Amino acid sequence: TSPAGISLTFFKTLRWKGSPHDQDTERNRMSQSGDNRSVIQLLLAMAGKTEVPTEFYLWSAMSLVAATLQNHVWFQHMAYKGIQPNLYVILVGPSGDGKGHAMAVAEKCAQAAQLGDTGMDLNVFSGRITEQALYDRIECVVQDGEAPYSIPFWLVSEELSVSIRTGEPARGFIKAMTDLWEKHDTTPKGDSTRTGGTTFMWNPCLNWLGGSTMDWLKEVIDFNDVNSGFFARTITIQAQRSFEPIYKPDTSQFDVLMPVLVAKLQTIWNYRGVMTIAPEAETYEEEWYVKKTKRPPTKPFLFPSWRRRLDTVHKLAIILQCAKAIEDDSWSEITLTVSAEAIQMYEEIQAHYGEIIEGIILGKSDKRLERVVAFMQRYRDVTMVKLQQGVSSYGIRKDELNNILLTLIESEQVQKYYNKSVRMVRWIGT
């Protein structure tokens, strides 16, 4: 059960639309701006009443806070492993459902916070990017006697099909992002010269906010991306635009609250150092981790996310705690309320995650089976080698092809046989 008096429903109350928690004394601490709402609550209030799903605004706000924190703060879960608050967030929905609107609000807030002599630089990048360009952006050239430092950046991809395209370029980019998720070591890259120095990646910090349709995910995401844990590292949120038409959206608070939100972002930008967890919050998290979620999920594709559940909760808790923009030393202690909120958020995103992954797997299976059937109907009798070569351009690997052929054999559409020592496949279906 949740701690007494703590409401844990994010999308069915006005909690995240601007109303503060009465239960959390730290949330009710008045800041110099005179507004005790968190950055997330403020952004939702600024977004106003529109047809865009609240979830899209919420997770755009979470990404904004993570991008502001960069790698300035962390939670030391182990002596040799610190957890940083970077996030990969993908908003999933049909075209025109407001993903770009929600991301634009977060981007405008970031731009406003960087105006003037604030010292803030979120290093926002929006546009097309390749795997190599990604590595180029986080490389740092080090001269003798200097400490290496990879500049953190926030990648905002309004439409992933445009930003990282499709096919092999997109798959290569996704693999690179997976590799860079928690790459806190020093990895030499490039050349070392006496005059030019040595190129390194040093503790890179990437935040990613993207939008996509299910069709793009089905086209680009490979089974290996699911099994290797890309989605376990990614917050995937699926939602639909409101069916209740709003002729004139109410966004009257956007300009009014912008200075308040900017001031809070500047407070967050100046946070530095390790974060801790309050003792009562540790007890609550341990109960959830050791007992309530001890049993692994029944669906194998949920294993990678389940194994990372505590790390994910800690990332979310860091962001939620810092989003309050507390202006004294208590900012760095994660409270019981925040831990409970982070756990609830994790459980809610797991529902999105499971639905999206099932859609990708089913869509991939159907589409790849269709590719094999079309190839077999065209050539009728082919060698296994030719069949594998013919369908490999669609991302169908050998093991997947064998499973598809078993399905077609069981349905009496395909036969396997040998022509001397050559393995052959024959189409016998209609």
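**Group meeting: rings, a sheet and a buried glutamine**

Tyr88, Phe173, Trp181, Trp208, Phe230, Phe231 and Tyr353 make up one aromatic cluster. I start there, and I should say at once that this is a predicted model.

Across the whole structure, the search returns 9 aromatic pairs. One of them is Phe230 with Phe231, an edge-to-face pair with centres 5.4 Å apart and 80 degrees between the planes. Phe230 counts as buried because its relative accessibility is 1%, where the cut-off is under 20%. Phe231 also counts as buried, at 1% relative accessibility.

A second pair is Trp288 with Tyr346, again edge-to-face, at 5.7 Å centre to centre and 80 degrees between the planes. Trp288 sits in helix α10, residues 279–292, and Tyr346 in helix α13, residues 336–379, so this pair ties together parts that are 58 residues apart in sequence. Trp288 is buried, with a relative accessible area of 3%, and Tyr346 is buried too, with 5%.

Next, the sheet. In what order do the strands of the open sheet run? There are 5 strands, the order is β4-β6-β9-β3-β10, and the pairing is parallel. At the edges are β4 (124–125) and β10 (234–238), each of which pairs on one side only. Inside the sheet, β3 (residues 88–92) runs parallel to β9 (residues 206–212), and 5 bridges join the two. Val89, for instance, has Leu209 in β9 as its bridge partner.

Two helices that pack on this sheet deserve a mention. Helix α4, residues 131–138, touches β4, β6 (153–157) and β9, and its direction makes about 155 degrees with that of β6. Helix α6, residues 167–180, touches β3, β6 and β9, at about 145 degrees to the direction of β9.

For helix α3, residues 99–113, there is a simple geometry check. With 15 residues at 1.5 Å a residue, the helix should span 21 Å; the end C-alpha atoms are 22 Å apart, which agrees. The buried residues of α3 are a mixed list: the alanines Ala102, Ala106, Ala110 and Ala113 are on it, along with Gly100, Met103, Val105 and Cys109, and so are Lys99 and Glu107.

There is also an antiparallel pair. Strand β14, residues 414–419, and strand β15, residues 422–427, pair over 6 bridges. Gln415 stands opposite Arg426 in β15. The hairpin has 2 residues between the strands, and Lys420 takes a positive phi near 60 degrees.

Last, a single residue: Gln321, in helix α12, residues 309–322. Is Gln321 buried or exposed? Gln321 counts as buried, because its relative accessibility is 1%. What does the side chain of Gln321 reach at 3.2 Å? The answer is the backbone oxygen of Glu333. The Gln321 side chain also makes a polar contact with the side chain of Lys324, at 3.2 Å. Leaving aside residues up to four places away in sequence, Gln321 touches Met275, Ile326, Ser330, Trp331, Glu333, Ile334, Thr335 and Val338. Glu333 therefore appears twice for this buried residue: in that contact list, and as the owner of the backbone oxygen.

That is where I stop.

Definitions and conventions:
Residues are numbered from 1 along each chain as its sequence is written. This is a predicted model: local features need pLDDT of at least 70, side-chain atom pairs count only at pLDDT 80 or more; totals for chains, interfaces and linings use all residues. Side-chain values use heavy atoms; hydrogens and water are left out. Helices (H or I, at least four residues) and strands (E, at least two) are DSSP runs, numbered from the N terminus. Buried means under 20% relative accessible area, exposed over 50%, partly exposed in between (1.4 Å probe, protein chains only). A polar contact is a pair of N or O atoms within 3.5 Å; within protein, one must be able to donate a hydrogen and the other to accept it, and residues adjacent in sequence count only if both atoms are side-chain atoms. Contact means heavy atoms within 4.5 Å. Two strands pair if DSSP finds at least two bridges between them. Axes are lines fitted to C-alpha atoms, for helices over the stretch in contact, and angles run from 0 to 180 degrees between N-to-C directions. The expected span of a helix is 1.5 Å times one less than its number of residues. Rings of Phe, Tyr and Trp (its six-membered ring) pair if their centres lie within 6.5 Å; planes under 30 degrees apart count as stacked, over 60 as edge-to-face and the rest as tilted.
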